[in-house]
Amino acid sequence: VGALRPVQMSPDQSMAATQKESGDQNFDYMFKLLIIGNSSVGKTSFLFRYADDSFTSAFVSTVGIDFKVKTVYKNDKRIKLQVWDTAGQERYRTITTAYYRGAMGFILMYDITNEESFGAVQDWSTQIKTYSWDNAQVILAGNKCDMEEERIVSAESGRLLAEQLGFEFFETSAKDNVNVKQTFERLVDIICDKMSETLETDPAVTTGTQGNARLTDNPPPLQQPNCTC
């Protein structure tokens, strides 16, 4: 029960994915990831920095839920990341928690300049345990570390809370592009490690013959045929 399995979406998620992705099925695995946390902690900016390498200071609250898709490669396997950006406001909570099911990983985000968002981490963690798979993987991200002069939550406090909750921890900045890619890469690595514990997964994506292979945005080079002429 609770084993990680790639490509599992509920009907409403599948419909949305079909509409947005035009039915692209050219991948070996698909990991569904969610970014959650209080409103205004920078979830949307974080996603746009990762998916599009873009940042805007203009802030518009996410309404409901949306997602972006990014493809990465590990051990010559194509992994499609379907990353959901969730609204932090309480009035959208029923909508967003419906998407927790089937998520293989979460980035639980707070704002280092906002103590309330840090205090809410425990509640968000409880929601993950309530609505998601038992072994969904979580990384705690203290966002907006570029705003050091306005910092309220220390990095040590973030690390201690992550340790208490059993999560890994990064301080990040979507604006300065600090630890954005690293956070996603580490989350995917943790998911792959968990998948390797099941018998269903292709061992090539988790172990392979290349040692500790890193994720990359670039597809593997085409194999050149042996020529004896």
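**A mixed six-stranded sheet and the helix across it**

Let me open with one pair of residues: Phe-67 has Trp-84 as its bridge partner in β3. What I am showing is a predicted model, in which local features need pLDDT of at least 70 and side-chain atom pairs count only at pLDDT 80 or more, while totals for chains, interfaces and linings use all residues. Residues are numbered from 1 along each chain as its sequence is written, and side-chain values use heavy atoms, with hydrogens and water left out.

First, the overall layout. The protein chain contains 8 helices and 6 strands, where helices (H or I, at least four residues) and strands (E, at least two) are DSSP runs, numbered from the N terminus. Read from the N terminus, the order of elements is α-β-α-β-β-α-β-α-α-β-α-β-α-α. Of the 229 residues in the protein chain, 50% are buried; buried here means under 20% relative accessible area, exposed means over 50%, and partly exposed lies in between, with a 1.4 Å probe and protein chains only. Among contacts in the protein chain with a separation of 6 or more, 75% are between residues 24 or more positions apart, a contact being heavy atoms within 4.5 Å.

Now to the sheet. It is an open sheet of 6 strands with mixed pairing, in the order β2-β3-β1-β4-β5-β6, and two strands are taken to pair if DSSP finds at least two bridges between them. The edge strands, each pairing on one side only, are β2 (65–74) and β6 (168–171). From one strand to the next, the twist averages 25°; for angles such as this, axes are lines fitted to C-alpha atoms, for helices over the stretch in contact, and the values run from 0 to 180 degrees between N-to-C directions.

How do β2 and β3 run, parallel or antiparallel? They run antiparallel, and 10 bridges join them. The two strands form a hairpin with 2 residues between them, and Asn-75 in the turn has a positive phi of about 50°. On its other side, so to speak, β3 (residues 77–86) is joined by 7 bridges to β1 (residues 29–37), and these two strands run parallel. Within β1 and β3, Ile-35 stands opposite Asp-85. Although β2 is an edge strand, it is mostly covered, with 7 of its 10 residues buried.

That brings me to helix α2 (residues 43–52), which lies across β1, β2, β3, β4 (105–111) and β5 (137–143), and runs at about 35° to β2. Which residues of α2 are buried? They are Lys-43, Phe-46, Leu-47, Arg-49 and Tyr-50. Seen down the axis of α2, these buried residues fall within an arc of 160°, so they line one face of the helix, the arc being that of the directions from the helix axis to the C-beta atoms. They pack against β1, β2, β3, β4 and β5, and also against α7 (180–195). The helix is followed by Asp-53, whose phi is positive, near 50°.

Next, the charged pairs. A search of the whole structure finds 8 salt bridges, a salt bridge being a side-chain nitrogen of Lys or Arg within 4 Å of a carboxyl oxygen of Asp or Glu. In one of them, the side chains of Lys-68 and Asp-52 meet at 2.9 Å, N to O; this pair links distant parts of the chain, with Lys-68 in strand β2 and Asp-52 in helix α2, 16 residues apart. Lys-68 is partly exposed at a relative accessible area of 22%, and Asp-52 is partly exposed at 41%.

Another involves Lys-74 and Asp-189, whose closest N and O atoms are 3.1 Å apart. Because Lys-74 lies in strand β2 and Asp-189 in helix α7, the pair ties together parts that are 115 residues apart in sequence. Are these two residues buried or exposed? Lys-74 counts as buried at 5% relative accessibility, and Asp-189 counts as buried at 6%.

A third example is Glu-148 with Arg-151, where the closest N and O atoms are 2.9 Å apart. Salt bridges that share partners join Glu-148, Arg-151 and Glu-171 into one network. Glu-148 is partly exposed, with a relative accessible area of 45%, as is Arg-151, at 22%.

Finally, the cysteines. The search of the whole structure finds 0 disulfides, a disulfide being a pair of cysteine sulfur atoms within 2.5 Å. Cys-145 is buried, with a relative accessible area of 17%, and Cys-192 is buried as well, at 1%.
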